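Notebook open, viewer open. I want to go through the helix packing, the cores and a few single residues, one entry at a time.

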Amino acid sequence: MKKLSALPPKKPFNPAPVWFSLWIVLLWLIVFDLDISFQTLLYGVEDMAEYFSRYTAPDFSEMSRYLQLMAQTIATALWGTLIAFVTAFLLAPFAARNLTPGRATYRIARETLNFLRAMPDLLLALIFVAALGLGPLPGALALGVHTAGFLGKFFAENLERIDKGVIEAVQATGASRSQVVMYAGWPSILREAIGYTLYIMDRNVRMASVLGLVGAGGIGLALHDTLRLVKYDESAALILVILSVILVFDYFSTWLRGKLT
């Protein structure tokens with residue numbers, strides 16, 4: 001019979017000194033490469049404190065207009081998400097290896113999604129504003145085109161993880177390729193698809209406010225105007241409205257996604 005050792009197990013290696021040393025090296029590299037001057041930063045703190053002090057008296061006298069502009073921003077995000085969802089819903093099956101009709105179709109669908117994802121929504125908003133003029137439509141199109149790439153990639157990767165047996169079971173009934181997608185593909189990833197769409201909607205609400213700064217309508221455009229006219233009290237009120245709505249939407253989206261898991 002094998003004799004058991006009476007020695008206690010070896011104490012695990014403590015990585016804290018290594019991590020701390022690496023953190024110091026990285027911090028030094030950042031300071032050295034960016035040529036950061038702590039003296040300049042200290043002087044800048046005083047200037048920043050003076051600048052932010054101008055926002056300490058928010059003016060909510062036009063609250064109804066602010067809420068109307070915020071509703072326009074949310075509508076922009078909603079329409080952008082719908083455009084992204086419809087585009088991703090159509091392209092994702094072609095970008096999934098197990099459902100695409102051919103290698104060429106797969107490659108075209110994948111590269112289309114890559115292209116959409118690679119186009120920054122801020123750049124798209126500038127292009128659409130130049131082409132269509134100021135307003136929420138350029139913002140919705142910019143959000144829809146950009147996030148369609150992300151949503152399509154999420155959908156395609158989830159479709160590729162479907163159990164092969166589920167697909168074969170539907171194919172055994174004589175179903176066409178589109179019927180396989182509708183009866184084996186989407187029902188298998190329904191929960192993930194709803195979760196990803198809610199995440200994109202959450203993200204689009206934040207970005208719709210930013211796109212307003214480049215002329216894509218909504219509360220962002222109003223914030224841009226008040227900042228340009230040095231109306232800090234109105235700017236502070238608009239910023240508080242934006243932050244409040246984004247926080248509420250973030251909590252609601254997180255709660256809803258949690259219910260789906």
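In which helix is isoleucine 30 found? I looked it up: isoleucine 30 belongs to helix α1, residues 16-33. Note to self before going on: this is a predicted model.

**Entry: isoleucine 30**

I pulled the accessibility next. Isoleucine 30 comes out at 45% relative accessibility, so I file it as partly exposed. Then I listed its contacts, skipping neighbours within four places in sequence, and got Asp35 and Ile36.

**Entry: α4 against α6**

I took α4 (residues 103-118) and α6 (residues 136-160) and checked the axes. They come within 6 Å and cross at roughly 140°. The cut-off for roughly antiparallel is over 145 degrees, so I have to call α4 and α6 oblique to each other. The crossing of α4 and α6 is left-handed.

Who does the touching? From α4 I noted Tyr106, Arg110, Leu113, Leu116 and Arg117. Their partners in α6 include Val145, His146, Phe150, Lys153, Glu157 and Glu160. Sorted by class, the contact of α4 with α6 has 7 nonpolar, 3 polar and 5 charged residues.

**Entry: α5 against α6**

α6 has another partner on my list, α5. How near do the axes of α5 and α6 come, and at what angle do they cross? I get within 8 Å and roughly 140°. That makes α5 oblique to α6 as well. For handedness I wrote down right-handed for α5 passing α6.

On the α5 side I found Asp121, Leu124, Ala125, Phe128, Val129 and Leu132. On the α6 side I found Leu137, Pro138, Leu141, Ala142, Leu143, Val145 and His146. By class, the contact of α5 with α6 splits into 11 nonpolar, 1 polar and 1 charged. Val145 and His146 are also in the list for α6 against α4.

**Entry: the cores**

Which residues touch the most other members of the largest nonpolar core? Leu211 and Ile219 do, in a core of 25 residues. I traced where the members come from: α3 (63-91), α5 (121-132), α6, α9 (190-211), α10 (218-228) and α11 (232-260) each give at least two residues. α11 has the largest share, 7 residues. General reminder: in soluble globular proteins, nonpolar side chains tend to be buried together.

I then listed what leucine 211 touches, leaving out residues up to four places away in sequence. The list is Asp121, Leu122, Ala125, Gly139, Ala142, Leu143 and Ala216. Apart from the largest core, I logged another core of 24 residues, with Ala92, Leu151, Phe155 and Trp186 among them.

**Entry: α3 against α10**

Here the axes come within 6 Å and cross at roughly 130°. Another oblique pair, therefore: α3 and α10. α3 puts in Tyr66, Leu69, Met70, Gln72 and Thr73, while α10 puts in Gly218, Ile219, Gly220 and Ala222. The class count for the contact of α3 with α10 is 5 nonpolar, 4 polar and no charged residues.

**Entry: serine 209**

Is serine 209 buried or exposed? Buried: its relative accessible area is 8%. I found serine 209 in helix α9. Not counting residues up to four places away in sequence, serine 209 touches Met70, Thr73, Ile219, Gly220 and Ile242. I recognised Met70, Thr73, Ile219 and Gly220 from the contact of α3 with α10.

**Entry: threonine 197**

Threonine 197 is in helix α9 too. Relative accessibility is 17%, so threonine 197 counts as buried, given the cut-off of under 20%. How far apart are the C-alpha atoms of threonine 197 and leucine 82? I read 9.0 Å, with the two positions 115 residues apart along the chain. Leaving out residues up to four places away in sequence, threonine 197 touches Thr81, Phe85, Leu151 and Phe155. Leu151 and Phe155 are among the members of the 24-residue core.

**Entry: valine 230**

Last one, a backbone oddity. Most residues other than glycine have a negative phi. Valine 230 has a positive phi, near 55°. I located valine 230 in the loop between α10 and α11. With a relative accessible area of 48%, valine 230 is partly exposed.

How values were computed:
Residues numbered from 1 in each chain as written. Predicted model: local features only at pLDDT ≥ 70, side-chain atom pairs only at ≥ 80, totals over all residues. Heavy atoms only, no water. Axes fitted to C-alpha atoms, helices over the stretch in contact; angles between N-to-C directions. Helix = DSSP H or I, 4+ residues; strand = E, 2+ residues; numbered from the N terminus. Parallel < 35°, antiparallel > 145°, perpendicular 65-115°, else oblique. Left-handed = near helix turned anticlockwise from the far one by under 90°. Contact = heavy atoms within 4.5 Å. Nonpolar A, V, L, I, M, F, W, Y, C, P; charged D, E, K, R; others polar. Core = buried A, V, L, I, M, F, W, Y, C linked by side-chain atoms within 4.5 Å. Buried < 20%, exposed > 50% of the residue type's maximum accessible area, 1.4 Å probe, protein only.
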